[in-house]
Amino acid sequence: GQRMAALSQALVTKMLGARELSIRAVTAAANEGTRHATNVGVLALLMGRMCGLSEPELHDLGVGALAHDIGKTELPAALHRADPHFTSAEMKRYRDHVGLGMALGERMGLAPGAMLVIGQHHEHLDDSGYPQSIGGPRITVPARMVALVNRYDNLCHGSPRTLAMTPHEALSLLFAQGQRQYDPALLGAFVRMMGVYPPGSVVQLTDDRYAVVESVCASRPLRPKVQVHEPRTSYDAALLLDLAQQSTLGIRRALSAEQLPSAVREQLMPQRRSAWFFEALDDDAAPAPSFSTRH
């Protein structure tokens, strides 16, 4: 509990101290649970900042987001990710992670706001969620944020039996199909925050080269930084271009993994697990720490 509180406070302090932030994607090397918890924590806090939550509200949001799946530590590893092939008994036990998380959070002495995030992060506005199917205004705003971000990160990383989507595909699916389950105002804010081409998206540039979006600034959503595919060059050594500095070069379209030539796909998407973090763009700001899940 103390470690989550400290990380949440560090994130909040850095976010509130910067006028403008850039969201970045890196390849994550940490275990799945740590990566997912950190991703949800960072993205939820960025949403909270964008939506004007107070510092205490942001702190509770951060702790709740980082701890939202803590109940899964009480379950077998095979039940840590929802699977469409689960039996009804397996699905019921998987869903028990919410109640188990509430019990753990109470023993850890987490604040009420953080506890509500843990207890409601699978609730939906249309009453289709769980464990209480409460719907509507009874779901707190921070819990609505975490529910949305949690779904986004899961779409981007797939389950053991489902293919991961690119961030652009995941955002498009949420916007098209999530209007009833998720808060429309928050969904719109999330789309604006992540940009038309969220970090990690695969794109084709106007000169026909392929690239992966590396970072996005909300004030320049159509001009992100991208890593460009170059034959016989490793991903880490690929050319990094800031499209905001390119007057004649831009993005033509976003692509799915299946639309990429095999050689390009192997370089740009080598079964990567993405972690999202942020950095301050203020000229007078100190270098921002990288809140990624890399060890």
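Me: Which are the buried residues of helix H6 (residues 112–120)?

Reply: They are Ala114, Met115, Val117, Ile118, Gly119 and Gln120. Please keep in mind that this is a predicted model. A residue counts as buried when its relative accessible area is under 20%.

Me: Against which helices do the buried residues of H6 pack?

Reply: Three helices serve as packing partners for the buried residues of H6: helix H3 (55–66), helix H5 (97–108) and H7.

Me: H7 leads me to the aromatic residues. How is a pair of aromatic rings described?

Reply: Two quantities describe such a pair, namely the distance of the centres and the angle of the planes. A plane angle over 60 degrees counts as edge-to-face, one under 30 degrees as stacked, and the rest as tilted.

Me: How many aromatic pairs does a search of the whole structure find?

Reply: The search finds 3 aromatic pairs. One of them joins Tyr152 and Phe190, with 5.0 Å centre to centre and 80° between the planes, and is therefore edge-to-face. Tyr152 belongs to helix H7 (residues 141–157) and Phe190 to helix H9 (residues 184–194); with the two positions 38 residues apart, the pair links distant parts of the chain.

Me: Are Tyr152 and Phe190 buried or exposed?

Reply: Both Tyr152 and Phe190 are buried.

Me: What kind of aromatic pair do Tyr152 and Trp276 form?

Reply: This pair is tilted, with 5.6 Å centre to centre and 40° between the planes. Tyr152 lies in helix H7 whereas Trp276 lies in strand E7 (residues 274–280), so the pair ties together parts that are 124 residues apart in sequence. Trp276 is buried, as is Tyr152. Taken together, ring pairs link Tyr152, Phe190 and Trp276 into a cluster.

Me: Let us turn to the backbone. What sign of phi do most residues other than glycine have, and which form do most peptide bonds take?

Reply: Most residues other than glycine have a negative phi, and most peptide bonds are trans. In this model, a cis peptide bond joins Tyr130 and Pro131, with omega at about 10°. Pro131 is placed in the loop between H6 and H7.

Me: What is the phi of Asp127, and where does this residue lie?

Reply: Asp127 is not a glycine, yet its phi is positive, at about 70°. Its place is in the loop between H6 and H7. With a relative accessible area of 43%, Asp127 is partly exposed.

Me: What is the phi of Asp208, and where does this residue lie?

Reply: Asp208 is likewise not a glycine and has a positive phi of about 80°. The loop between strand E2 (202–205) and E3 contains Asp208. Asp208 is partly exposed, because its relative accessible area is 43%.

Me: E3 contains a charged residue that interests me. Does Glu214 count as buried or exposed?

Reply: Glu214, in strand E3 (residues 210–217), has 8% relative accessibility and so counts as buried. Leaving aside residues up to four places away in sequence, Glu214 touches Ile23, Arg24, Ala25, Pro199, Lys225, Val226, Gln227 and Leu240.

Me: Where is Ala244 found?

Reply: Ala244 is found in the loop between strand E5 (239–242) and strand E6 (251–255). Its relative accessible area is 30%, so Ala244 is partly exposed. Apart from residues up to four places away in sequence, Ala244 touches Arg220 and Arg223. The C-alpha atoms of Ala244 and Pro224 are separated by 6.7 Å, the two residues being 20 residues apart along the chain.

Me: How many helices and strands does the protein have?

Reply: There are 10 helices and 7 strands. The radius of gyration is 19 Å, close to the 19 Å that the globule rule gives for 295 residues, so the protein is as compact as a globular protein of that length. The C-alpha trace spans about 55 × 45 × 35 Å along its principal axes.

Me: What percentage of the 295 residues count as buried?

Reply: Of the 295 residues, 51% count as buried. Among contacts with a separation of 6 or more, 65% come from residues 24 or more positions apart.

Me: What does the accessible surface come to, and how far apart are the mean positions of the positive and negative charges?

Reply: The accessible surface comes to about 13800 Å², and 52% of this belongs to carbon and sulfur atoms. The protein has 29 positive and 29 negative charges, whose mean positions are 3 Å apart.

Key. Residues numbered from 1 in each chain as written. Predicted model: local features only at pLDDT ≥ 70, side-chain atom pairs only at ≥ 80, totals over all residues. Heavy atoms only, no water. Phe/Tyr/Trp six-rings, centres within 6.5 Å; stacked < 30°, edge-to-face > 60°. Helix = DSSP H or I, 4+ residues; strand = E, 2+ residues; numbered from the N terminus. Buried < 20%, exposed > 50% of the residue type's maximum accessible area, 1.4 Å probe, protein only. Rg over C-alpha atoms; globule rule 2.2 N^0.38 Å. Contact = heavy atoms within 4.5 Å. Areas by Shrake-Rupley, 256 points an atom, 1.4 Å probe, with all protein chains shown as cover. Lys, Arg positive; Asp, Glu negative; His and termini not counted. Charge placed at Lys NZ, Arg CZ, Asp CG, Glu CD.
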